[in-house]
Amino acid sequence: MDDLETRELRYFAAVAEELHFGRAAERLGIAQPPLSRAIAQLERRLGVQLLERNRRGVALTEAGRVLLRESRLALAAVAAAARRTRRAGDHPLVLATKAGASHDLLQRLLAAGPPVEILLCEVGEQAGLLRDGSADVAIMHRPYDDLAGFDTEDLQVEGQVAILPAAHPLAARETLTLAEVSDVPDLPIARWPRLDGSYPDGPGPEVRTQSTLAQLVALGRTLLVIPASSRAWQWPEHVAVPVVDAPDVTTVIGWQPNSRSPEVAALVRAAVALREESPVS
């Protein structure tokens, strides 16, 4: 059997996601008859039924669900390869980092390492930017970020702080514990999305962006616990108090394991040299 073509995968993914040939054809910018013929030909070549067609519409078979999953992965890999290829040559590396995180470390790395473009993102987005080719390297944090499949080097280990409204009584404390910040009746702890996008249960607001979170803290609606170095975005209306029993957070630099880029290697070496100047604890 011949290898699958990216065109076939795009056609099938459109139909599988829309579950409607007409809408899929419109999305692809082609007529419906050639799309239907292409899907039928794909089924013949694979020797399996991918779609169930009846008067009520279109549904995926088990084989169709498998191919949809694999199609998404393959198309994402092709798109990532194209992005990395376009940036090859004279273009600087792209470094993804959460806005406000590891600020001092990032400044020192920019001064010591090769030229890079900074791609600021929200919490948990670095892994996706690495995988889809939008970034070459990323600053991430264990245990919060998704490091699966990447090569990494640990850069620093730090404690965490609670970011509180300046007017709240807890803001006057020198230290706090997790128990004390986890059950504040008038100030529920903010809830960040997990790696799978779902939110943990709790009374606190669901947040996804740091700007939203900063506003809610300033308004006295929530608090949060974050790595100490992430307080760079702290507002005047905020106070940071160390949380003495919060788990340590490790800042890492991550990159694709199949990278052969001399620039990536040079940036990693520069980051490791900074670590050796200030060893991880």
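1. Start with the helix 1 and helix 2 contact. From helix 1, the residues R10, Y11, A13, A14, V15, E17 and E18 take part. They meet F21, R23, A24, R27 and L28 of helix 2. By class, the residues of this contact are 7 nonpolar, no polar and 5 charged. Note that the model is a predicted one.

2. Next, the geometry of that pair. The axes of helix 1 and helix 2 come within 8 Å. They cross at roughly 135°. That angle makes helix 1 oblique to helix 2, because only angles over 145 degrees count as roughly antiparallel and 65 to 115 as roughly perpendicular. The crossing of helix 1 past helix 2 is right-handed.

3. Helix 1 also packs on helix 3. Here the angle is about 110°, and the axes lie 10 Å apart. Helix 1 and helix 3 are therefore roughly perpendicular. On the helix 1 side the contact uses R7, E8, Y11, F12 and V15. Helix 3 brings L35, A38, I39, L42 and R45. This contact divides into 7 nonpolar, no polar and 3 charged residues.

4. Now the largest nonpolar core. It holds 20 residues. The members that touch the most others are F12, V15, F21, L35, I39 and L51. Five elements are named as giving two or more residues: helix 1 (6-18), helix 2 (21-28), helix 3 (32-46), strand 2 (57-60) and helix 4 (62-87). Helix 1 gives the most, with 7 residues.

5. L35 deserves a look. Leaving out residues up to four places away in sequence, L35 touches Y11, V15, F21, A24, A25, L28 and I30. Two of these names, Y11 and V15, also appear on the helix 1 side of the contact with helix 3. F21, A24 and L28 appear on the helix 2 side of the contact with helix 1.

6. There is another core, apart from the largest one. It has 18 residues. Among them are L93, W255, L267 and V268.

7. Last, L213. Is L213 buried or exposed? At 0% relative accessibility, L213 counts as buried, since the cut-off for buried is under 20%. L213 sits in helix 8, which spans residues 210-218. What does L213 touch, residues up to four places away in sequence not counted? The partners are A190, W192, V207, T222 and L224. Of these, A190 lies 23 residues from L213 along the chain, yet their C-alpha atoms are separated by 7.8 Å.

How values were computed: Residues are numbered from 1 along each chain as its sequence is written. This is a predicted model: local features need pLDDT of at least 70, side-chain atom pairs count only at pLDDT 80 or more; totals for chains, interfaces and linings use all residues. Side-chain values use heavy atoms; hydrogens and water are left out. A nonpolar core is a set of buried Ala, Val, Leu, Ile, Met, Phe, Trp, Tyr and Cys residues joined through side-chain atoms within 4.5 Å. Buried means under 20% relative accessible area, exposed over 50%, partly exposed in between (1.4 Å probe, protein chains only). Helices (H or I, at least four residues) and strands (E, at least two) are DSSP runs, numbered from the N terminus. Contact means heavy atoms within 4.5 Å. Axes are lines fitted to C-alpha atoms, for helices over the stretch in contact, and angles run from 0 to 180 degrees between N-to-C directions. Angles under 35 degrees count as roughly parallel, over 145 as roughly antiparallel, 65 to 115 as roughly perpendicular and the rest as oblique. A crossing is left-handed if the near helix is turned anticlockwise from the far one by less than a right angle, and right-handed if clockwise. Ala, Val, Leu, Ile, Met, Phe, Trp, Tyr, Cys and Pro count as nonpolar, Asp, Glu, Lys and Arg as charged, and the others, Gly among them, as polar.
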